Amino acid sequence: FCPLNGDDYVSVTNPSLLPWVLLPGNTGAITLFWTPGNTPVVVACSLQDGRRVLKAWKMSTVSGNRIFVPLAVPEQATRTVVSRTGDSIAFISPLSVQVFDSETWEERGVYRDQPVVSVVWGGPAQLYVGGTDSVVLWNYSNGAVSPLIASSVRTFGWDETGTRVLAETSR
């Protein structure tokens, strides 16, 4: 029990005045971003039956109240990368990258050419996709894939100083 005093909390007479998201206790990471229309989106990663599960919510007006409504998330997605402008979000799964428009939540493109290890935004409609076979520049708006280098990375990370890339290869 922890008593709340003074400005430790916001007291409201109607709970619907404060939008909220109820997260499971095993939530490990939360991403909060604003769409170009200034609408907040929350993406939470938690563990469920030993695997990572993503859930997302977007603020919406329902019956005159501002609430967070759940959004559909690709089933196998384990990570996300939000574009610099917040207009797109990429959902990364072991076998694909799916890009969604953050305002309409419609799918803009899907990459499935190789198992995916890492993804980084390159430009407004471009992502660098590091896979088990190669690193490519993928333009999701027209589907163009430009191979950049050969790769055999299975997993990746940074050393403890954050200056060197560490990778496990399959060759």
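Leucine 148 is located in strand S12. In this predicted model, leucine 148 has a relative accessibility of 44% and is therefore classed as partly exposed. Together with Val120, Tyr128 and Ile149, Leu148 forms a nonpolar patch on the surface, and the accessible area of these residues together is about 370 Å².

Strand S12 spans residues 145–150, and the loop between strand S11 (134–139) and strand S12 holds tyrosine 140. Tyrosine 140 counts as buried because its relative accessibility is 6%, which falls under the 20% limit for burial. Apart from neighbours within four places in sequence, the contacts of tyrosine 140 comprise Ser88, Val99, Arg108, Gly109, Trp121, Pro124, Ala125, Gln126 and Leu127. Two of the interactions of this residue involve polar atoms of its side chain. The side chain of tyrosine 140 makes a polar contact with that of arginine 108, at 3.1 Å. In addition, a polar atom of the tyrosine 140 side chain lies 3.3 Å from the backbone oxygen of proline 124. With respect to the backbone, the C-alpha atom of tyrosine 140 is 7.0 Å from that of valine 110, although 30 residues separate the two along the chain.

Arginine 108, the polar partner of tyrosine 140, also takes part in charge pairing. Side chains of opposite charge can pair when their charged atoms come close. A search of the whole structure yields two salt bridges. In one of them, the side chain of arginine 108 meets that of aspartate 87, with an N to O distance of 3.7 Å. This pair connects distant parts of the chain: arginine 108 belongs to strand S8 (residues 107–111), whereas aspartate 87 is in the loop between strand S5 (79–82) and strand S6 (88–92), 21 residues apart. A salt bridge also joins arginine 108 to aspartate 101, where the closest N and O atoms are 2.5 Å apart. Through shared partners, the salt bridges unite Asp87, Asp101 and Arg108 in one network.

The members of this network were next examined for solvent accessibility. Arginine 108 has a relative accessibility of 30% and so counts as partly exposed. Aspartate 87 is likewise partly exposed, because its relative accessible area is 21%. Aspartate 101, by contrast, counts as buried, since its relative accessibility is 14%.

Valine 99 is placed in strand S7 (residues 97–101). Its relative accessible area is 0%, and valine 99 is therefore buried. When residues up to four places away in sequence are not counted, valine 99 touches Ser88, Ile89, Ala90, Glu106, Glu107, Arg108, Gly109, Trp121, Leu127, Trp138 and Tyr140. Valine 99 is thus in contact with both arginine 108 and tyrosine 140. The C-alpha atoms of valine 99 and serine 83 are separated by 9.8 Å, the two residues being 16 residues apart along the chain.

A further buried valine was examined in strand S3. Valine 53 lies in this strand, which covers residues 51–62, and is buried because its relative accessible area is 11%. Leaving aside neighbours within four places in sequence, the contacts of valine 53 are Ala44, Cys45, Ser46 and Gln48. A distance of 9.4 Å separates the C-alpha atoms of valine 53 and valine 73, which are 20 residues apart along the chain.

Methods
Residues numbered from 1 in each chain as written. Predicted model: local features only at pLDDT ≥ 70, side-chain atom pairs only at ≥ 80, totals over all residues. Heavy atoms only, no water. Helix = DSSP H or I, 4+ residues; strand = E, 2+ residues; numbered from the N terminus. Buried < 20%, exposed > 50% of the residue type's maximum accessible area, 1.4 Å probe, protein only. Contact = heavy atoms within 4.5 Å. Polar contact = N/O pair within 3.5 Å; in protein donor to acceptor, adjacent residues only side chain to side chain. Patch = residues over 30% accessible without salt bridge, like charges linked within 9 Å, V, L, I, M, F, W, Y side chains within 5 Å. Areas by Shrake-Rupley, 256 points an atom, 1.4 Å probe, with all protein chains shown as cover. Salt bridge = Lys/Arg side-chain N within 4 Å of Asp/Glu carboxyl O.
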